[in-house]
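Biologist: I am new to reading protein models, and I would like a close look at a single part. Could you pick one strand and walk me through its surroundings step by step?

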Amino acid sequence: QVQVVESGGGLVQAGGSLRLSCVASGRTFSRYDMGWFRQAPGKEREFVAARSWSGHNTYYTDSVKGRFTISSDNGKNTVYLQMNSLKPEDTAIYYCAAGSALVSGSMLAHEGVYDYWGQGTQVTVSS
């Protein structure tokens, strides 16, 4: 069993930055694809960013390319989402997920490849 816990959310003004952290415990962290998803009020959950288990492959949704960066520290079993130039439309609950399917590329954007999910952390961007 893998436990996934997010942190780092908060309230920030438009144009500001936040860094989300996600700690995955219970299994070998480096053998999991790690992804970030978000759900805004009244909307379905959507993919944001992911990195493959090898760390060599990252994938982003178009709306965050150039602003968000996913990275990981295997020694700390932690994946990060650095969010810069935040916009009000980035406001959402952000979820971290871990998957053992070991996929790459656009497959990383599919919720079905992730086995374990965190409870989410709220990000609010004010205009």
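Modeller: Happy to help: what follows is a walk along strand β9 and then out to the parts around it. Keep in mind throughout that this is a predicted model.

Let us start with the strand itself. Strand β9 covers residues 92-99 and is mostly covered, with 7 of its 8 residues buried. As background for looking at any strand, side chains in a regular strand alternate between the two faces of the sheet.

Now for the partners. Strand β4, residues 33-39, runs antiparallel to β9, and 7 bridges join the two. To find your place on screen, look for R38, which stands opposite Y94 of β9. Strand β11, residues 121-126, also pairs with β9 in the antiparallel sense, over 3 bridges. Here I93 has Q122 of β11 as its bridge partner. Then there is strand β10, residues 116-117, which pairs with β9 over 2 bridges, again in the antiparallel sense. In that pairing, A98 is matched with Y116 of β10.

Y116 is a good place to turn to the aromatic rings. The structure holds 6 aromatic pairs. In one of them, the ring centres of Y32 and Y116 are 6.2 Å apart and the planes meet at 65°; angles over 60 degrees count as edge-to-face, so this pair gets that name. Y32 sits in the loop between β3 and β4, while Y116 belongs to strand β10, so the pair ties together parts that are 84 residues apart in sequence. Both Y32 and Y116 are buried.

A second pair leads back to β4. F37 and F47 are also arranged edge-to-face, with 5.5 Å from centre to centre and 75° between the planes. F37 lies in strand β4 and F47 in strand β5 (residues 46-51), so this pair links parts that are 10 residues apart in sequence. Are these two rings buried or exposed? Buried means under 20% relative accessible area. F37 has 0% relative accessibility, so F37 counts as buried. F47, at 9%, counts as buried too. Together with Y59, Y114 and W117, F37 and F47 form one aromatic cluster.

Rings can also have a charge over them. On β9 itself, the ring of Y95 has the charged end of R45 sitting over it, 5.2 Å from the ring centre. Elsewhere, the charged end of R31 sits over the ring of W53, at 4.6 Å from its centre.

Next, step back to the loop between β8 and β9, where D90 is found. D90 has a relative accessible area of 1%, which means that D90 is buried. The side chains of D90 and R67 are joined by a polar contact of 2.8 Å. Beyond its neighbours within four places in sequence, D90 is in contact with R38, R67, F68, S85, V123 and V125. You have met R38 already, as the residue opposite Y94.

Finally, follow that loop to β8, which belongs to an open sheet of 4 strands in the order β1-β3-β8-β7, with antiparallel pairing. Its edge strands are β1 (3-7) and β7 (68-73), each pairing on one side only. Neighbouring strands in this sheet are turned by 15° against each other on average, direction ignored. Inside the sheet, strand β3 (residues 18-25) and strand β8 (residues 78-83) pair over 6 bridges, and C22 stands opposite V79 of β8.

Methods
Residues are numbered from 1 along each chain as its sequence is written. This is a predicted model: local features need pLDDT of at least 70, side-chain atom pairs count only at pLDDT 80 or more; totals for chains, interfaces and linings use all residues. Side-chain values use heavy atoms; hydrogens and water are left out. Buried means under 20% relative accessible area, exposed over 50%, partly exposed in between (1.4 Å probe, protein chains only). Two strands pair if DSSP finds at least two bridges between them. Axes are lines fitted to C-alpha atoms, for helices over the stretch in contact, and angles run from 0 to 180 degrees between N-to-C directions. Rings of Phe, Tyr and Trp (its six-membered ring) pair if their centres lie within 6.5 Å; planes under 30 degrees apart count as stacked, over 60 as edge-to-face and the rest as tilted. A charge sits over a ring if NZ of Lys or CZ of Arg is within 6 Å of the ring centre and within 35 degrees of the ring normal. A polar contact is a pair of N or O atoms within 3.5 Å; within protein, one must be able to donate a hydrogen and the other to accept it, and residues adjacent in sequence count only if both atoms are side-chain atoms. Contact means heavy atoms within 4.5 Å.
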